[in-house]
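Colleague: I should like to go through the assignments in this model and the criteria behind them. Could we begin with the overall fold?

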Amino acid sequence: PQDAVYVCDTHLDVVHARRAGVRAVVVFTEISWDFPYRERVERENPAFIAASMEDVNAWLMSHYSARG
């Protein structure tokens, strides 16, 4: 679980990821960037908030590629 990442899009997903012992990476689309969704997600403190899957890939590469 220490290397697992849950890619999700809601604040409840972040809560469930934490309970499972994995990091949550939230991807927002243009629709879901609106209040109150972003504020709810930010309150749950995910490992990363991305604007696209490309951002998720870059984050994953920066955090996991050095581990081999």
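Modeller: The protein has 3 helices and 3 strands, arranged along the sequence as β-α-β-α-β-α. Helices (H or I, at least four residues) and strands (E, at least two) are DSSP runs, numbered from the N terminus. This is a predicted model, in which local features need pLDDT of at least 70 and side-chain atom pairs count only at pLDDT 80 or more, while totals for chains, interfaces and linings use all residues. Residues are numbered from 1 along each chain as its sequence is written, and side-chain values use heavy atoms, with hydrogens and water left out.

Colleague: What makes S1 and S2 a pair of strands?

Modeller: Two strands pair if DSSP finds at least two bridges between them. Strand S1 (residues 5-8) and strand S2 (residues 23-27) run parallel and are joined by 4 bridges, so the criterion is met. Val5, for instance, has Arg23 in S2 as its bridge partner.

Colleague: Why is the unit of S1, H1 and S2 called right-handed?

Modeller: A crossover is right-handed if, with the strands pointing away from the viewer, the path from the first strand over the helix to the second runs clockwise. S1, H1 and S2 make a β-α-β unit of that hand.

Colleague: Why is the contact between Arg18 and Glu44 called a salt bridge?

Modeller: The term requires a side-chain nitrogen of Lys or Arg within 4 Å of a carboxyl oxygen of Asp or Glu. For Arg18 and Glu44 the N to O distance is 3.4 Å, so the pair qualifies. Arg18 lies in helix H1 and Glu44 in the loop between helix H2 (37-43) and strand S3 (48-50), so the pair ties together parts that are 26 residues apart in sequence.

Colleague: What places Arg43 and Glu39 in different exposure classes?

Modeller: Buried means under 20% relative accessible area, exposed over 50%, and partly exposed in between (1.4 Å probe, protein chains only). Arg43, at 57%, is therefore exposed, whereas Glu39, at 37%, is partly exposed. These two residues form a salt bridge with the closest N and O atoms 3.3 Å apart; both lie in helix H2, 4 residues apart, about one turn of the helix.

Colleague: How do you know that Asp13 has no salt bridge?

Modeller: Asp13, in helix H1, is buried, and the nearest side chain of opposite charge, Arg19, is 11 Å away. Lys and Arg count as positive and Asp and Glu as negative; His and the chain ends are not counted. Asp13 does touch Tyr6 and Cys8 (heavy atoms within 4.5 Å), not counting residues up to four places away in sequence.
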